[in-house]
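Me: I would like to learn how to read the features of a structure that I have not seen before. Could we go through them one at a time, with the general idea before the case?

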Amino acid sequence: MLNALLKFGTPNAKLKKMSKGMGLKLITFTLPAGHTCPGASDCLSTSDRITGKVKDGKQTQFRCFMATAEARSPSLRKLVWHNLELLQDALSYSDGHERAADLICQSLPEKFDIMRVHVGGDYFSRNYFLAWCMVAERNPDKVFYSYTKSLAIVAGIPKPDNLVLTASRGGKHDDLIDLHGWKEALVVYSEQEAIDKGLEIDHDDTHA
């Protein structure tokens, strides 16, 4: 895939409404759900690259919505695997995090204000996370944000302020959330459960 670039997406209706209300342009980036989520547990699901068939993990309590979306859409599966293969190729070199950062920066759309990094997928390696840290540093006028369960990977790595992480509870390393005092998100099954737990409901990523 010589000179191939990564592909980015547009937000869903809720995110689009939120960004429009803020007067900002939001774009998204995504990878294969589950296949790139080393810290996932409660939501671990994968969609077969060819058939789209969904497979849940041994500890899965609720199916990842992006795995379901990939199952329904061959074009989405093609997009997410395209992105992953390009990144894996860049990361295979000794200076992989720099090459991956270069690839991401070269692929960025010209006009955007905010990017949700990983509608599906997660930070699957230390070097991959370092690449996004470099991207944020090179684009200080942009905001990049993620929900992540890759807590063992991102812990201890300094990141720029414009790369905003929200720890997603329900993974393999939830103990690190309390240890580091990270901002967190938790899946609930009803508004009443959120009330009982004293949680605010985030309908459109405003909290993130």
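Reply: Let us begin with burial: a residue counts as buried when its relative accessible area is under 20%, and as exposed when that area is over 50%. Please keep in mind throughout that this is a predicted model.

Me: Is Thr30 buried or exposed, and where does Thr30 lie?

Reply: Thr30 lies in the loop between β1 (26–29) and β2 (45–47), and because its relative accessibility is 9%, Thr30 counts as buried. The side chain of Thr30 reaches the backbone nitrogen of Gly120 at 2.8 Å. Leaving aside residues up to four places away in sequence, Thr30 touches several others, among them Met66, Leu76, Val80 and His118.

Me: Is Ser75 buried or exposed, and which side chain does the side chain of Ser75 join in a polar contact?

Reply: Ser75, which is found in helix α3 (residues 74–91), has a relative accessible area of 54% and is therefore exposed. Its side chain and that of Ser73 are joined by a polar contact of 3.0 Å.

Me: How should I read the packing of two helices?

Reply: Two packed helices are described by the angle between their axes and by the distance between those axes. Here helix α2 (residues 65–72) packs with α3 at an angle of about 115°, and the axes are 5 Å apart. On the α2 side the contact is made by Met66, Ala69, Glu70, Ala71 and Arg72, while α3 contributes Pro74, Leu76, Arg77 and Val80. Sorted by character, the residues of this contact of α2 with α3 comprise six nonpolar and three charged ones, with no polar residue.

Me: And what describes a pair of aromatic rings, and how many aromatic pairs does the structure hold?

Reply: A pair of aromatic rings is described by the distance of the centres and the angle of the planes. The structure holds eight aromatic pairs. One of them is formed by Tyr123 and Tyr128, with 5.9 Å from centre to centre and 45° between the planes, so that the pair counts as tilted. Both Tyr123 and Tyr128 are buried. Elsewhere, ring pairs link Phe8, Phe29, Phe112, Trp132 and Phe144 into a cluster.

Me: Which residue lies over the face of Phe112, and which lies over the face of Tyr93?

Reply: Over the face of Phe112, a ring that belongs to the cluster just named, lies Lys142, at 4.9 Å from the ring centre. Over the face of Tyr93 lies Arg99, at 3.7 Å from the ring centre.

Key:
Residues are numbered from 1 along each chain as its sequence is written. This is a predicted model: local features need pLDDT of at least 70, side-chain atom pairs count only at pLDDT 80 or more; totals for chains, interfaces and linings use all residues. Side-chain values use heavy atoms; hydrogens and water are left out. Helices (H or I, at least four residues) and strands (E, at least two) are DSSP runs, numbered from the N terminus. Buried means under 20% relative accessible area, exposed over 50%, partly exposed in between (1.4 Å probe, protein chains only). A polar contact is a pair of N or O atoms within 3.5 Å; within protein, one must be able to donate a hydrogen and the other to accept it, and residues adjacent in sequence count only if both atoms are side-chain atoms. Rings of Phe, Tyr and Trp (its six-membered ring) pair if their centres lie within 6.5 Å; planes under 30 degrees apart count as stacked, over 60 as edge-to-face and the rest as tilted. A charge sits over a ring if NZ of Lys or CZ of Arg is within 6 Å of the ring centre and within 35 degrees of the ring normal. Axes are lines fitted to C-alpha atoms, for helices over the stretch in contact, and angles run from 0 to 180 degrees between N-to-C directions. Contact means heavy atoms within 4.5 Å. Ala, Val, Leu, Ile, Met, Phe, Trp, Tyr, Cys and Pro count as nonpolar, Asp, Glu, Lys and Arg as charged, and the others, Gly among them, as polar.
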